[in-house]
Amino acid sequence: SDTEKGTYSHFMLKEIDEQPFVIRNIIQKYQDESGDIKLDENIRAAINDTDRIYIIAAGTSYHAGLVGKEMLEKVAKKPVEVHIASEFLYNEPLLSSNPLFIFISQSGETADSRGVLVNAKKNGYRSITITNVPGSTLSREADFTLHTYAGPEIAVASTKAYTAQMAVFSILAMDSARAQEIQTDFNAIQELSLIANAMEVLCDQKDVMEQIARDYLLETRNCFFIGRSMDYSVVQEGALKLKEISYIQAEGFAGGELKHGTIALIEDGTPVIAVTTQKATNLNIRGNVREVEARGANACIISTEDTKQDGDRIVLPTINELMTPLVSVIPLQLISYYAALHRGCDVDKPRNLAKSVTVE
Ligand code: G6P
C-alpha cells in the first residue's frame, strides 16, 4: 500500500521509483475523454486575468517554483516571480496591480507559506495552492487547489512531490497558452508521457547511480553542483537532497558564477557534479567544468543525447528543454540516496528535519 515500504528498504527509494507512475497519473487526471487538458474554468480565468504571478514556497517546493516560472513565462508569456515564503512574509516586494498568488506545498501546512496566504487574502488577492494534500490548510484557505496526485510522501526528503509539482506547472502553462491563443508547439501531455518513460529508464540504472555515489561521495565533506538556466534550478534541488540526507555540505551554483568566488573552495578531489541539458549553454558549462578540473576537482557530468560528449557519466534521454528537471533530478535523487545509505545515515528520517514545518 501507499504507506508501507513493501520490499523497499526505505520510503525514499520507493517514492523515487513511483515517479513514472505519478506522472502518468497526472496525465490521466488532467485530461478529458478527448485528450484535451481538463482544468477548472476559474483557475484558467485567474491565470488569464492576472498581470503577474507570485509563486510562494519553501524548500523543495521552492525549487519546483523556479522551474514553474520558466514554463509559465516561456510557454504562456506570463510574468512570474518566485519567492521564498519566509522572506516574502517580512519583506514584501512591490506588487503588480493585479497579482495572482500560487502557493506550492507538498503538505499544504507550511507555516511560512500560510503567513503569506493570510496576508494576501486580507488584501483581496486571488490565490491557487498546488498541493499533494487537498483539504490541507493552504488548500482550504486559497481560492483554488491544483492536486499533484503523487500519493502519500513519507520520506522527509521530497522526491515524487517535486516532479509532480513541475508536471502540474507544465499543464497549467500549456492550458494558459491555449486560453490566450498563443501559438506554441509545447504539448505538456505528450512531453509528460516521454518523461515518464525516461524516468523509468533512469530508475532501472540504480547500479550506475550507486557507483557514482561510491566514486565521488563516500569520503568527501563537501560537494558542488553546477548548472545553467534550467540546470541551475535542478542542481539547487540536487544539492538540497544531498545535504538533507547525507549531511555532506553541498551547494548548487550557476556555472558562470563559480569564478566569482566559490571556485576558491575547489581542492584536489573536490566532487563537482555538473548537469548540462541545455544546448545553448552546453559549451559554457563544459568550460566551467574544465576550470574546476584544472584546480583538482573530480567532475561528474550528466548530459543528454543532444549535449553528450565522451566521458559523461550519465546521458539522459532527449526531452523538451523546459522539462529537463523532471528527468535530470532522478539521478541526483538516486546519487543522494546511495551516498546517504553508504555513509550510514538515516535516509528516511534525517536529523533536525521535519516532513512539514508548521511553525514559522
Ligand atoms: C520541510 C521539508 C522539505 C519541504 C519543505 C516545504 O522543510 O523537510 O522537504 O520541501 O518543508 O514543505 P511543503 O510541504 O510546503 O512543500
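In what order do the five strands of the open sheet that includes β7 and β10 lie? In this predicted model, the order is β7-β6-β8-β9-β10, and the pairing is parallel. The edges of this sheet are formed by β7, residues 249-254, and β10, residues 314-316, each of which pairs on one side only. From one strand to the next, the twist averages 20 degrees. Strand β6, which covers residues 222-227, runs parallel to β7 and is joined to β7 by six bridges. Within this pair of strands, Gly-227 stands opposite Ala-254 of β7.

Two helices that pack on this sheet can be described by the strands they touch. Helix α11 touches β6, β7 and β8, the last of these spanning residues 271-276. The direction of α11 makes about 175 degrees with that of β7. Helix α13, made up of residues 324-342, packs on the sheet through β8, β9 (298-304) and β10. Between the direction of α13 and that of β10 the angle is about 155 degrees.

A further open sheet consists of five strands in the order β2-β1-β3-β4-β5, with parallel pairing. Here the edge strands are β2, residues 80-84, and β5, residues 144-147, and each pairs on one side only. The twist from one strand to the next averages 20 degrees. Strand β1, residues 52-57, is connected to β2 by five bridges, and the two strands run parallel. Ile-56 has His-83 of β2 as its bridge partner.

Helix α3, formed by residues 41-49, packs on the sheet that contains β5. Contacts of α3 reach β3 (99-105), β4 (126-131) and β5, and its direction makes about 105 degrees with that of β5. Helix α6, residues 111-122, lies across β1, β3 and β4 and runs at about 155 degrees to β3.

Helix α3 also packs against helix α8, which comprises residues 160-179. Their axes are 10 Å apart and the packing angle is about 70 degrees. Angles of 65 to 115 degrees count as roughly perpendicular, and α3 and α8 are therefore roughly perpendicular to each other. On the α3 side the contact involves Arg-44, Ile-47 and Asn-48, which meet Leu-172, Asp-175, Ser-176 and Ala-179 in α8. Sorted by class, this contact has three nonpolar, two polar and two charged residues.

Another helix pair is formed by α4, residues 59-76, and α11, residues 230-246. These helices pack at an angle of about 170 degrees, and their axes are 9 Å apart. Because of this angle, α4 is roughly antiparallel to α11. From α4, the contact is made by Thr-60, His-63, Leu-66, Val-67 and Glu-70. From α11, Met-230, Ser-233, Gln-236, Glu-237 and Leu-240 take part. The contact of α4 with α11 has four nonpolar, four polar and two charged residues.

Helix α4 also takes part in the surroundings of the ligand, giving three residues to the shell, the most of any contributor. The ligand is surrounded by 16 residues. The closest are Gly-59, Thr-60, Ser-105, Ser-107 and Thr-110. Thr-60 is thus named both here and in the contact of α4 with α11. By class, the shell has 10 polar, five nonpolar and one charged residues.

Note on methods
Residues are numbered from 1 along each chain as its sequence is written. This is a predicted model: local features need pLDDT of at least 70, side-chain atom pairs count only at pLDDT 80 or more; totals for chains, interfaces and linings use all residues. Two strands pair if DSSP finds at least two bridges between them. Helices (H or I, at least four residues) and strands (E, at least two) are DSSP runs, numbered from the N terminus. Axes are lines fitted to C-alpha atoms, for helices over the stretch in contact, and angles run from 0 to 180 degrees between N-to-C directions. Two residues are in contact if their C-beta atoms, placed from the backbone, lie within 7 Å. A residue is near a molecule or strand if its C-beta atom, placed from the backbone, lies within 6 Å of it. Ala, Val, Leu, Ile, Met, Phe, Trp, Tyr, Cys and Pro count as nonpolar, Asp, Glu, Lys and Arg as charged, and the others, Gly among them, as polar. Angles under 35 degrees count as roughly parallel, over 145 as roughly antiparallel, 65 to 115 as roughly perpendicular and the rest as oblique.
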